Amino acid sequence: MIDFEIPKETAELAERVRAFVTEKIVPYEKDPRLTVHGPTEDLRDELVELARKEGLLTPQAPVEYGGHGFTHLEQAVIFEAAGWSTLGPVAMNCNAPDEGNIFLLSKICTPEQIEQHLVPMIEGHTRSAFAMSEPDGAGSDPALLSTTAVLDGVDYVINGRKWLITGAEGAQTWIIMADLVDVGPTLFLCTGDTPGIVIERVMDTMDRNYVGGHSVVLFEDLRLPASAVLGEPGQAMRYAQLRLAPARLTHCMRWLGAASRAQSIAVDYAKRRTAFGKPIGEHQGVGFMLADNEIALQQARLMIWWACWTLDRGERGRHESSMVKSSVSEELYKVADRCVQVLGGIGISDETPVGMIFRDLRAFRLYDGPTEVHKFAIARRILS
Ligand SMILES: Cc1cc2nc3c(=O)[nH]c(=O)nc-3n(C[C@H](O)[C@H](O)[C@H](O)COP(=O)(O)OP(=O)(O)OC[C@H]3O[C@@H](n4cnc5c(N)ncnc54)[C@H](O)[C@@H]3O)c2cc1C
């Protein structure tokens, strides 16, 4: 039997999160420090301090590090509430890529790596980057990984170029995927100030809610000690999957919150704005768009909860998370598109957050696996 029972304390916490985001975080959406390359470091620090004061920082952390140790289903409720403003997850330190990186590091770090990297991240003092995608190599197909790591004496030397690396600029902790010669794809963990990490440029992209934006990065004779290996050598693809299945879902949770916000703004406008003698919401064309949104939001929520329930039962949930990610990213994008339409010309402006949510949702259809790649994997499984 599928069980979506949310514990009372979690439901209450979600209410607290919703109130915090609405009252304290939404006003920052007009802050000029929310730039085309994401919130500035300064804005992020200020927001993180607000969440810390409310006891709402890094709620997803494991219990042993002061977090709630949520089930996936509980996390869905909390993250949806945080996503009501795109800055909510930034404030609460549960945004990508840190949230997924914290999850991965909490599973495979050594005690020394925990102390140096994981604890400061959980405490909101540092940020992180996950470097996998490459201009001419790993992308949809990670097997094309072209960045290499070579053993040189007792060190590893890494060379290669990555791009679209979220939060690279200013990240203190780096997780780097490289092909360790004679062993296979391996994850390495290091600090951002290690010589050999060169941020070539921050790319101009249509989204704007990730601190540090997305960068092109060169690893130029990046020399790391043996202790920099994260987990077991040669296991990078397995670890990437371990990180990605839940991380795909957490993206869905946060963006569900944002799309619901867009819908609330569109509904409000449709009630207030009149055209041809009545509020536009009373014209069937507009009413149907809002109804389609309501249906899509609830379908997305139930799909997310279903995949969470699967993971909470101890299953890997790879197939389920692929179905959810591809469906939810496509449907929430359509929700945001209809909200833009309902708002008329103002919909494409930054007068409301709807235009920004629309652009960010367009990007979501690509990262953590483009829709086609998930469908390719789903089809392969059902045909096998
Ligand atoms: C906002 C954003 C943030 C990102 N952050 C990070 C990050 O922090 N770290 C990181 O390493 N990467 C990051 N990425 C990169 C992301 O993981 C890649 O964009 C994604 O894996 C797709 O790879 P690609 O861009 O090289 O597209 P390509 O591999 O070039 O694919 C292009 C298109 O081909 C199609 N396609 C590919 N394979 C198939 C198939 N089997 N069947 C049908 N169609 C197919 C799809 O339509 C796909 O969109 C980010 C991307 C975005 C947009």
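What percentage of the 384 residues of the protein count as buried? The figure is 49%. This is a predicted model, and every value below is computed from it or taken from a record.

**Overall fold**

The protein has 11 helices and 12 strands. Its radius of gyration is 21 Å, close to the 21 Å that the globule rule gives for 384 residues, so the protein is as compact as a globular protein of that length. The C-alpha trace spans about 80 × 50 × 40 Å along its principal axes. Many contacts reach across the sequence. Among contacts between residues at least 6 apart, 73% join residues at least 24 apart.

**Domains and annotated spans**

The domain assignment gives three units: domain 1 (8-95), domain 2 (128-233) and domain 3 (237-383). UniProt, in an unreviewed entry, also places domain features on the chain. It puts "Acyl-CoA dehydrogenase/oxidase N-terminal" at residues 8-124. The feature "Acyl-CoA oxidase/dehydrogenase middle" is placed at residues 129-206. The annotation "Acyl-CoA dehydrogenase/oxidase C-terminal" covers residues 237-383. The table gives the make-up of these spans.

| Span | Helix | Strand | End C-alpha distance |
|---|---|---|---|
| Residues 8-124 | 59% helix | 3% strand | 27 Å |
| Residues 129-206 | 0% helix | 55% strand | 20 Å |
| Residues 237-383 | 78% helix | 3% strand | 23 Å |

The middle span is 55% strand and has 0% helix. The C-terminal span is 78% helix.

**Domain 1 against domain 2**

The C-alpha centres of domain 1 and domain 2 lie 27 Å apart. Their contact takes 10 residues from domain 1 and 9 residues from domain 2. On the domain 1 side, the elements giving two or more residues are strand 1 (34-35), strand 2 (38-39) and helix 2 (41-53). The residues on that side divide into 4 nonpolar, 4 polar and 2 charged.

Arg-33 sits in the loop between helix 1 (8-25) and strand 1. It counts as partly exposed, because it has 14 C-beta neighbours inside 10 Å. Leaving aside neighbours within four places in sequence, Arg-33 is in contact with Pro-39, Thr-40, Asp-42 and Leu-43. Arg-44 is 11 residues from Arg-33 along the chain, and their C-alpha atoms are separated by 9.1 Å.

**The ligand shell**

Which domains give residues to the shell around the ligand? Domain 2 and domain 3 both do, so the ligand lies between them. There are 19 residues around the ligand, and Met-132, Gly-139, Ser-140, Thr-166 and Glu-372 come nearest. Strand 3 (128-131), strand 5 (155-166) and helix 11 (371-383) are the elements that give two or more residues to this shell. By type, the shell residues divide into 12 nonpolar, 5 polar and 2 charged.

**From helix 4 into helix 5**

The loop between helix 4 (88-91) and helix 5 holds Pro-97. A cis peptide bond joins Ala-96 and Pro-97, with omega at about 0°. Asn-93 is found in the loop between helix 4 and helix 5 as well. Its phi is near 60°, a positive value in a residue other than glycine. Is Asn-93 buried or exposed? With 27 other C-beta atoms within 10 Å, Asn-93 is buried.

Helix 5 (residues 98-108) follows. Its buried residues are Asp-98, Glu-99, Gly-100, Asn-101, Ile-102, Leu-104 and Leu-105. They pack against helix 6 (111-122), strand 3, strand 6 (173-180) and helix 7 (236-272).

**Asp-182 and Arg-318**

Asp-182 lies in the loop between strand 6 and strand 7 (184-191). Phi of Asp-182 is near 70°, again positive in a residue other than glycine. Asp-182 is exposed, with 9 other C-beta atoms within 10 Å.

Arg-318 belongs to helix 9 (residues 318-342). It has 16 C-beta neighbours inside 10 Å, so Arg-318 counts as partly exposed. Beyond its neighbours within four places in sequence, Arg-318 is in contact with Gln-241 and Ala-245. How far apart in space are Arg-318 and Asp-182, C-alpha to C-alpha? The distance is 28 Å, with their places 136 residues apart in sequence.

How values were computed:
Residues numbered from 1 in each chain as written. Predicted model: local features only at pLDDT ≥ 70, side-chain atom pairs only at ≥ 80, totals over all residues. UniProt positions renumbered as here; feature names shortened; annotations may be inferred. Helix = DSSP H or I, 4+ residues; strand = E, 2+ residues; numbered from the N terminus. Rg over C-alpha atoms; globule rule 2.2 N^0.38 Å. Buried ≥ 20, exposed ≤ 12 C-beta atoms within 10 Å, placed from the backbone. Contact = placed C-beta atoms within 7 Å. Near = placed C-beta within 6 Å. Nonpolar A, V, L, I, M, F, W, Y, C, P; charged D, E, K, R; others polar. Domains from an automatic or database assignment.
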